[in-house]
Amino acid sequence: MKLLEERILKDGVLKDGGILKVDSFLNHQMDIGLLQEIGKEFRRLFPENITRILTIEASGIGIATIAAQYFDNIPVVFAKKSMSKNLDGDLLTSKVISYTKGLEFDIFVEKKFLSPDDNILIIDDFLANGQALNGLIDLVNGSGANLVGCGIVIEKGFQDGGQIIREKGVHLESLAIVEDPKDGKLCFREQ
Ligand code: 5GP
């Protein structure tokens, strides 16, 4: 997605350890006009009948919520990263190792929010090693729902996640795929 690639080049900051900071428009401050274009692009790439969007707190929520408006305002469900007294029904759970924090944690969704009749689109901000996406796919599989596909805003093509998920046969669409930064320069995979 050209608009997104241009924005990453303009405002993205490459940090040590292959971390790309896009906090001025995507996951701290959010550019709503850009998120609307991202939502439209996900709709174009996933024209199927989708009944729910699944994401993970916190950064996925804003992206998924705006995208949902282009999918007839379907509900957005987000996996929680910590247990709370508010989670009182039957739960679906999976384990994720955080790329940015280096910690393993459980993720939870109440069973009643993912049903076997659902057609699910998973949305998240980044794909690096595929841990978060694998955990979310696990939740969908545990619910018996149909996984239509996964929409990612920025995939880091120099990490394994994209290959692992595509090899599972999952329909994965990433709006920008960042290649291994040479001499600290960002470039994108042709799609
Ligand atoms: P994965 O689980 O695929 O290894 O990493 C994906 C998760 O880690 C995303 O949900 C995202 O929040 C975070 N993440 C991974 N790489 C980056 C990065 O380069 N920049 C930012 N801002 N977040 C990242």
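UniProt positions are given in the numbering used here, and its annotations may be inferred rather than shown by experiment. The model itself is predicted.

**Exercise 1. The annotated domain**

Task: Find which residues UniProt lists for "domain: Phosphoribosyltransferase", and describe that span.

Solution. Start with the record. The unreviewed UniProt entry gives residues 38-157 for this domain. Next, take the ends of the span. Their C-alpha atoms lie 19 Å apart. Then take the secondary structure. Residues 38-157 are 26% helix and 36% strand.

**Exercise 2. The open sheet**

Task: Work out the strand order of the five-stranded open sheet, and explain why one side of β4 and of β9 is left without a neighbour.

Solution. Write down the order first: β4-β3-β7-β8-β9. The pairing is parallel. Now look at the ends of that order. β4 (76-79) and β9 (172-178) are the edge strands. Each has a single partner strand, so one side of each has no neighbour in the sheet. Add the twist, which averages 20° from one strand to the next.

Now check one pair within the sheet. Strand β3 covers residues 52-56, and strand β7 covers residues 119-127. Three bridges join them in the parallel sense. For a residue register, take Ile53: it stands opposite Leu121 in β7.

**Exercise 3. Helices across the sheet**

Task: Determine which strands α2 and α4 lie across, and at what angles they run.

Solution. Take α2, residues 32-45, to begin with. This helix lies across β7, β8 (146-156) and β9. Its angle to β9 is about 135°. Move on to α4, residues 131-143. Helix α4 lies across β3, β4, β7, β8 and β9. Its angle to β7 is about 165°. Both lists contain β7, β8 and β9.

**Exercise 4. The largest pocket**

Task: Characterise the largest pocket by volume, lining and composition.

Solution. Volume comes first: about 830 Å³ of space lies in this pocket. Then the lining, which has 32 residues. Closest to the centre are Lys81, Ser98, Thr100, Asp125 and Phe126.

Next, trace the lining to its elements. At least two residues each come from β2 (19-21), α3 (59-68), β5 (91-97), β7, α4 and β8. Strand β7 supplies the largest share, four residues. Finish with composition: 16 nonpolar, eight polar and eight charged residues.

**Exercise 5. Annotated sites and the pocket**

Task: Place the UniProt "binding site" residues relative to the lining of the largest pocket.

Solution. One listing in the unreviewed entry names Ala128, Asn129, Gly130, Gln131 and Ala132. The pocket lining takes in these five names: Ala128, Asn129, Gly130, Gln131 and Ala132. Locate one of them on the fold: Ala128 sits in the loop between β7 and α4.

Another listing in the unreviewed entry names Leu20, Asn27 and Lys156. Leu20, Asn27 and Lys156 are in the lining as well. Leu20 belongs to strand β2.

**Exercise 6. Backbone exceptions**

Task: Identify where a cis peptide bond occurs, and which residue other than glycine has a positive phi near 60°.

Solution. Recall the background. Most residues other than glycine have a negative phi, and most peptide bonds are trans. Now examine omega. The bond joining Glu57 and Ala58 is cis, with omega about -5°. Ala58 lies in the loop between β3 and α3. Turn to phi. Asp72 has a positive value near 60°. Asp72 lies in the loop between α3 and β4.

How values were computed. Residues are numbered from 1 along each chain as its sequence is written. This is a predicted model: local features need pLDDT of at least 70, side-chain atom pairs count only at pLDDT 80 or more; totals for chains, interfaces and linings use all residues. Side-chain values use heavy atoms; hydrogens and water are left out. Two strands pair if DSSP finds at least two bridges between them. Axes are lines fitted to C-alpha atoms, for helices over the stretch in contact, and angles run from 0 to 180 degrees between N-to-C directions. Contact means heavy atoms within 4.5 Å. On a 1 Å grid over the protein atoms alone, a cavity is a set of points where a 1.4 Å probe fits but cannot get out, and a pocket is an open set with protein on both sides within 12 Å along at least five of seven lines; lining residues have an atom within 4 Å of a point. Grid points are joined across faces, edges and corners, and a volume is the space filled by probe spheres set on the points. Ala, Val, Leu, Ile, Met, Phe, Trp, Tyr, Cys and Pro count as nonpolar, Asp, Glu, Lys and Arg as charged, and the others, Gly among them, as polar.
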